[in-house]
Amino acid sequence: MRNKVTNILVCGVGGQGILLFTDILGEVAMNAGFDIKKSEVHGMAQRGGSVVSQLRFGPVVYSPLIPETEAHFIVALEKLEALRYIHYLSPKGKALVDPLEIYPMSVLTGEREYPKDIIERLKRRTRYLYLVEAFKTAQDLGEARAQNIVMLGVLSRFLGFPDELYEEAIKKYVRPKYHEINLKAFRVGKEELKIS
Amino acid sequence: MSKALLSGDEAIARGAWEAGVKVAAAYPGTPSTQILENLVKYPDVYSEWSTNEKVALEVALGAALSGVRSLCAMKHVGLNVAADALFSSAYIGVRAGMVIVSADDPGLHSSQNEQDNRFYGLSAKVPVLCPADSEEAKEYTKLAFEISEEFDIPVILRITTRIAHSKTIVNLGDRRDIRKGTYIKDITKTNLLPQFAKGRHYSLEERLRRLKEYSNTTPINKIIPGKKSLGIIADGVAYQYAREVFPNASFLKLGMVYPFPEQLVREFAQNKNKIYVIEETDPFLELLARSCGIKVIGKTALPLVDELNPRIVRNAFRRRKINFEPEKDLPPRPPALCPGCPHSGLFYLLQRKDLVISGDIGCYTLGTYPPHNAMDSCVCMGASITLAHGIDKALKGEKKVVSVIGDSTFFHMGVTGLINAVYNKSKQILIILDNRTTGMTGHQEHPGTGRTLMGEETTAIRPEDIARACGIKEIYVIDPYEIKENRALFSELLKKDELVVLVSRRACALLGGRKPPLQIILDKCTGCKMCLRIGCPAITFSEGHAVINTSLCVGCEMCLKLCPSEAIVKTES
């Protein structure tokens, strides 16, 4: 951890709001006075494909990409995607994983099987695996699309930025119509949701 | 001064606006699309989606010759389309600053090749600037306008995907340097008749000579002192990876890579024990450094293929390597056509073995994958029709040849192919997938949509009208959702011994028209898998029958029309 840069890798499936997740978190870290780099890929990858966004903040950040084995946090909004990027996790890094399953085309057509042992395999890779029912929680709140913000709330417990910065950033990036539900999703993620 | 977290694309738009740009033109292409999408939000800038990149560059040149600052933007392969105009524009020069943004895509995130457009600087003889983050992207854009005016030449601002789509902190400034357009007639400058062009070539060589001097002294080519044992020459995002991997080395960071700052590089090299050149894809800086007689290590250690990252740079040069093992045998999750995608309906017609299918570039290229298997080739923008023509002439009717092209791609480069097909008696079936938008790049307007980038209403050009004007007799317009009728029609079209144009028209499923989801009556489902042939991500198959994911289903009813057992039904909303 030279330079004390914090590395966060967020992954999931196109449409889950992964880019919004790191947009908000990037804004928070910037307003907390850090240098920031955030990287992702648009275009072809977004059509229901695997999506990954990488965020780094610290006093000075050079590379926008996180080297493998150096992510302090992996945040996965889908289980299989957690496993796909788990080799980025640092030895003491934490993995926050939504146990949600979304089948890729090869599984839909019956050609491949969705792995049944994902949690066991993740556990073999890290001692710090947290299962976070963000999708289910968001669904219970009446807005499944707020899954990403519930997860952001959970991650915020580990980062130590003041809540006001998150609230400001959520209001900046989310349309006014959805402010209330997303602020609520954040609070539930931050304070109420049990993680194991 | 306020700051913002901006992508490279957003920062270039901001920089152009701050620099007083008045005319901007582009054709959408990942990773450059968001430049114009953001520039259009600023006041007092004329912005347009041009039909293709050559048009965009010429529009920008016209404006720059009329005394206002202009910008054009394109993805790397777009500059191939615009190359003819690029080479001429270097001869002609400008009257106000002109910037050409080339967004390269190392790693082929969304492209057909990994070409390195720094070489265009060398061959077209125009300066090339390479920013290494968003702040530099903005500042270099402004500097590029100044260089363009001082040296009477267009300037290439070359970014890569990791610059275009990474967000970093940018300091925001104000708009200045706004000029009013004025036109001065001077045929010796703007008319490249051979007689005048030779004069402009002499002028260009003289301008380049002065630019070479400038490159040695510009502050964007800078030495960052460090250990003498190791010197590193780097540009763009590769510089960031190198800084991270070698925190103590001496650096020569190049912001202007062409003309190459020979003197500065020699000065930097003088007292170093060892010099690495760290750059993505081709050995551009390495070749130029070697041509100065400097011994460097570059592509003998670094890969020529794929984008770099800090791990690749570390493992190429340092003893302490990053070792890791990804999990094996995971089902891949490639991008796929969306639920209700009209292209899926058309591709259903093409699921047969007796066709040669010549494809093109867009979302519909995803029709290559199973279960569609509806695309044999993808070459470059517009190549579907022309490639099909060549195949048709070679096979002499042994196999039926079909070309498949999207609406935006058709306007971009398909029209000339269509005219060639008519003129030279092609017998292909030419299918235009008209989803009323530029899909893959995120729904941009085009000449067929009836709206401009700036939101004005305009003439909507219909591909079938163009076909009719070319004298084609066999023209059909279908709704791709009408899957059964279309299949019968397509069988008839296969028998025709002449050029057929088939326009498959329905708006992209992401643009609305969502209906209540369908469901499957399990008792009726025989597990025949007919519905799976649509390739819809909302339909799963498990335990012997199909299942519809109601949160994904958009109610297009294509599967319902295919089901032989009436097992798929509408739900009440």
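1. In this note, a residue is buried under 20% relative accessible area, exposed over 50% and partly exposed in between, with a 1.4 Å probe and protein chains only. On that scale B:Asp152 is buried, with a relative accessible area of 19%. The residue sits in the loop between helix H7 and strand E7 (155-160) of chain B, and its phi is positive, about 55°, although B:Asp152 is not a glycine.

2. The model is predicted: local features need pLDDT of at least 70, side-chain atom pairs count only at pLDDT 80 or more, and totals for chains, interfaces and linings use all residues. Residues are numbered from 1 along each chain as its sequence is written, chains are lettered from A and ligands numbered from 1 in the order in which they are written, and side-chain values use heavy atoms, with hydrogens and water left out.

3. A second positive phi, about 70°, occurs at B:Lys529, again not a glycine. B:Lys529 lies in the loop between strand E19 (518-520) and strand E20 (539-542) of chain B and counts as partly exposed at 37% relative accessibility. As background, most residues other than glycine have a negative phi, and most peptide bonds are trans.

4. Two cis peptide bonds deserve mention. One joins B:Tyr258 and B:Pro259, with omega about -5°; B:Pro259 is in the loop between strand E12 (256-258) and helix H12 (262-269) of chain B. Another joins B:Pro370 and B:Pro371, with omega about 0°, and B:Pro371 belongs to the loop between E14 and H16 of chain B. Helices (H or I, at least four residues) and strands (E, at least two) are DSSP runs, numbered from the N terminus.

5. Chain B contains an open, parallel sheet of five strands in the order E14-E15-E16-E18-E17; strands pair if DSSP finds at least two bridges between them. Strand E14 (355-358) and strand E17 (474-478) of chain B each have a single partner strand, so one side of each is left without a neighbour in the sheet. The twist averages 20° from one strand to the next.

6. At the E14 edge, four bridges join E14(B) in parallel to strand E15 (residues 400-406) of chain B, and B:Leu355 stands opposite B:Lys400. Both faces of E14(B) are covered: B:Leu355 and B:Ile357 are buried on one side, B:Val356 and B:Ser358 on the other.

7. Two helices of chain B lie across this sheet. Helix H16 (residues 383-395) crosses E14, E15 and strand E16 (429-434), running at about 175° to E15(B). Helix H17 (residues 407-423) crosses E15, E16 and strand E18 (500-505), at about 135° to E15(B). Axes are lines fitted to C-alpha atoms, for helices over the stretch in contact (heavy atoms within 4.5 Å), and angles run from 0 to 180 degrees between N-to-C directions.

8. The largest nonpolar core (buried Ala, Val, Leu, Ile, Met, Phe, Trp, Tyr and Cys residues joined through side-chain atoms within 4.5 Å) has 110 residues, of which B:Leu71, B:Ile232, B:Phe246 and B:Ile278 touch the most other members. Helix H7 (residues 134-151) of chain B gives the most to this core, seven residues. Domain 1 (3-217) and domain 2 (221-317) of chain B, with bounds from an automatic or database domain assignment, both contribute, so the core lies between them. A second, separate core of 64 residues includes B:Cys363, B:Ile405, B:Leu430 and B:Cys531.
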